[in-house]
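Subject: Structure handover

Hello,

Here is the structure for you to load. My notes come after it.

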Amino acid sequence: MIKLHDKFFKPFITAKQIDDAITRMAEQIAVDFADEVPVFIGVLNGSFMVVSDFVKKYPKPCEVTFIKLASYEGVKSTEDIQRLIGLTQDLSGRSVVILEDIIDTGGTLAEIHRIFKNENVKSLTIATLFYKPTAYKKDFKLHYVGIEIPDKFIVGYGLDYDGLGRNLPEVYQIKTTQHMTNLVLFGPPGAGKGTQA
Ligand code: 5GP
Ligand code: MG
Ligand code: MG
């Protein structure tokens, strides 16, 4: 267990599981874009580790660049997305693949679609390492998803809690309070799977 600022986090996804998911995505995307030289665009800050590991696994020529958006305050997503660094190159006619660390409400993704609406790209493909299906509120298609996770705050592998945790090579999940844990532990008879009182 680790502590960042005021909160505790427990181990959740290992570096090996992350590595496997990224390898699968890179290999699949290389097959699907066999005849093209895609432009991979990472969404800073969170996706810097995903992009770095992903492109090392990508077996063919490709381009890599970044945009910088921010939506998170503390441990809650806000719909107020700020565009801090926009597109700096002409992408008309190109096959663009967005590389995201995590898709939560989809607010950031909506902003990405707004950014690309007026670019004449050949295609816009979305790939994300983590995805919280129960938190997702939009209809945009997610073309490649590494690992689906529950709607709980995570840190590590590029993801931060108020600036801390990005350097962790594996992912940690916010620890439920002791009070909540007790509710589960001392729940009604039969609540614990496979046990007979
Ligand atoms: P969305 O706009 O889809 O709600 O959230 C996307 C962005 O919010 C991500 O790129 C990431 O920066 C941040 N985010 C979403 N869920 C989490 C989470 O569980 N942990 C952390 N650290 N950041 C998250
Ligand atoms: Mg992100
Ligand atoms: Mg953040």
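Below is what I found, starting with confidence.

This is a predicted model. The mean pLDDT of the chain is 88. Of its residues, 83% reach 70 or more. For the complex, the predictor gives an ipTM of 0.97 and a pTM of 0.87.

Two stretches need a flag. Over residues 182-188, pLDDT stays under 50, and the model has zero contacts there beyond four places in sequence. Over residues 190-197, pLDDT also stays under 50. That second stretch has one contact beyond four places in sequence.

Next, helix H1. It covers residues 15-32, 18 residues in total. From first C-alpha to last it reaches 26 Å, close to the 26 Å expected at 1.5 Å a residue. Which residues of H1 are buried? They are Ile18, Ile22, Met25, Ala26 and Ile29. Seen down the axis of H1, these buried residues fall within an arc of 100°, so they line one face of the helix. The face turned away from that buried side carries Lys16 and Val31, both exposed.

What do the buried residues of H1 pack against? Their partners are helix H2 (48-57) and five strands: E2 (7-13), E6 (95-103), E7 (123-131), E8 (144-148) and E10 (171-174).

Now the sheet. Four strands form an open sheet, in the order E1-E2-E10-E9, with antiparallel pairing. Its edge strands are E1 (2-4) and E9 (154-155), and each pairs on one side only. E1 and E2 run antiparallel and are joined by three bridges. In one bridge, Lys3 has Phe8 of E2 as its partner.

The largest nonpolar core has 40 residues. Phe54, Ile98, Leu99 and Ala127 have the most contacts inside it. Leu99 is in contact with Phe54 and Ala127. Leaving aside neighbours within four places in sequence, Leu99 also contacts Phe40, Ile41, Gly42, Ser47, Val50 and Val51.

One more residue: Ile115, in helix H3 (residues 107-117). Is Ile115 buried, exposed or partly exposed? It is partly exposed, because 17 other C-beta atoms lie within 10 Å, and buried would take 20 or more. Not counting residues up to four places away in sequence, Ile115 touches Gly86 and Leu87. Ile115 and Phe153 are 38 residues apart in sequence. In space, they are 27 Å apart, C-alpha to C-alpha.

Best wishes

Terms used:
Residues are numbered from 1 along each chain as its sequence is written. Chains are lettered from A and ligands numbered from 1 in the order in which they are written. This is a predicted model: local features need pLDDT of at least 70, side-chain atom pairs count only at pLDDT 80 or more; totals for chains, interfaces and linings use all residues. Helices (H or I, at least four residues) and strands (E, at least two) are DSSP runs, numbered from the N terminus. The expected span of a helix is 1.5 Å times one less than its number of residues. A residue is buried if 20 or more other C-beta atoms lie within 10 Å of its own, exposed if 12 or fewer, and partly exposed in between; C-beta atoms are placed from the backbone. The arc is that of the directions from the helix axis to the C-beta atoms. Two residues are in contact if their C-beta atoms, placed from the backbone, lie within 7 Å. Two strands pair if DSSP finds at least two bridges between them. pLDDT is the predictor's confidence in each residue, from 0 to 100. A nonpolar core is a set of buried Ala, Val, Leu, Ile, Met, Phe, Trp, Tyr and Cys residues joined through C-beta atoms within 7 Å.
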